[in-house]
Amino acid sequence: MNPIALEIGSFSIRWYGVMAALGFLAASFLLEKNRKYVTGLTKDQCGTMIIIALIAGILGARTYHVIEFFHEDGFDQDPITIFYIHRGGLVFYGGFILAFISLVIYTLKAKLDTIRILDIFVPSLTAAHAFGRLGCFLNGCCFGSPTTSFWGVTAPRGSLLWFQTGGLPVHPVQLLETTENLILCVFFCWFLKKGAKRGTVISSYLIAYGVLRFINETLRVDEKYFLNLTGAQCISLMLILSGSGFLYYALRHERKNA
């Protein structure tokens, strides 16, 4: 839980940035590897989509965080800190939503198979997310609630996280999500290789991650909103419902074309 990877004088490299870079490289590698499942998709188009997803993801993730914690994190007092993303403060769902919309728009304009593109993006997304959550753990953000469980982790004494948690062990939800996303990444790579039908990968991901994130939120201390649910849990429910509907449509459409 040390946010600094390397420090030379006043210059420092933070683990959060290192993990983000590794996540980008992993996502790029997997998209290039899986583009063979989309007829006519070029390497240049893959590169363009990765850049679009990266920029939209960062903008969406930061915007969500700033809106939710505008007063709590002091953005109203010091607006320049809105741009300090190297310190953390990115909300996955914000990035996911804007990147999703941006990719749909790009694929429609490029006359690509949008649904199949979303399918092959899933392994890249889960890989990048896994590295991102590992970065959260090292950065000391997105931590869980206090726990007496054997797997509880305690921040280094005197660190910001140590003061935020009162020195108590907390659920390592960041590591839990890292593990979950790696498992999803391996599974969906295998699923594509085994000939997953069009639309079944993205819809299955929406359901699976929605369920996992809804459960993971019970180990965090995020603010409750509608029906005593956190914002992430509300979005998770929407993902589960939309993913279920989309999966039904994909399977039914496949049967009709069989």
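**Reading helix packing and cores in a predicted model**

User: In this predicted model, which residues of H2 meet which residues of H3?

Analyst: On the H2 side the residues are Gln45, Thr48, Met49, Ile52, Ala53, Ala56, Gly57, Leu59, Gly60, Ala61 and Tyr64, and on the H3 side they are Gly94, Gly95, Leu98, Ala99, Ser102, Leu103, Tyr106 and Thr107. Sorted by class, this contact of H2 with H3 has 11 nonpolar and eight polar residues, with no charged residues.

User: How should the geometry of such a pair be read, and at what angle do the axes of H2 and H3 cross?

Analyst: In general, a packed pair of helices is described by two quantities, the angle between the axes and the distance between them. Here the axes of H2 and H3 come within 7 Å and cross at roughly 145 degrees, and the crossing of H2 with H3 is right-handed.

User: Where do H4 and H7 stand on the same description, roughly parallel or roughly antiparallel?

Analyst: The axes of H4, residues 114-139, and H7, residues 200-216, come within 7 Å and cross at roughly 30 degrees. Because angles under 35 degrees count as roughly parallel, H4 is roughly parallel to H7. The crossing of H4 and H7 is left-handed. H4 contributes Leu118, Asp119, Val122, Leu125, Thr126, His129 and Arg133 to the contact, while H7 contributes Thr200, Val201, Ile202, Tyr205, Tyr209 and Arg213; by class, these are seven nonpolar, three polar and three charged residues.

User: Which residues touch the most other members of the largest nonpolar core?

Analyst: As a general idea, nonpolar side chains in soluble globular proteins tend to be buried together. In this model the largest nonpolar core has 31 residues, and Leu41, Met49, Tyr93, Ile117, Phe121 and Tyr205 touch the most other members. H1, H2, H3, H4, H6, H7 and H8 each supply at least two residues of this core. A second core, separate from it, has nine residues, among them Met19, Phe137, Leu138 and Val153.

User: What is tyrosine 205 in contact with, beyond its neighbours within four places in sequence?

Analyst: With those neighbours set aside, tyrosine 205 contacts Phe92, Phe96, Val122, Leu125, Thr126, Leu184, Phe188 and Gly210.

User: Turning to the backbone, where is asparagine 228, and is it buried or exposed?

Analyst: Asparagine 228 lies in the loop between H7 and H8, and its phi is positive, about 60 degrees, although it is not a glycine. Asparagine 228 has 55% relative accessibility and therefore counts as exposed. Cysteine 142, in the loop between H4 and H5, likewise has a positive phi, near 55 degrees.

Note on methods: Residues numbered from 1 in each chain as written. Predicted model: local features only at pLDDT ≥ 70, side-chain atom pairs only at ≥ 80, totals over all residues. Heavy atoms only, no water. Axes fitted to C-alpha atoms, helices over the stretch in contact; angles between N-to-C directions. Helix = DSSP H or I, 4+ residues; strand = E, 2+ residues; numbered from the N terminus. Parallel < 35°, antiparallel > 145°, perpendicular 65-115°, else oblique. Left-handed = near helix turned anticlockwise from the far one by under 90°. Contact = heavy atoms within 4.5 Å. Nonpolar A, V, L, I, M, F, W, Y, C, P; charged D, E, K, R; others polar. Buried < 20%, exposed > 50% of the residue type's maximum accessible area, 1.4 Å probe, protein only. Core = buried A, V, L, I, M, F, W, Y, C linked by side-chain atoms within 4.5 Å.
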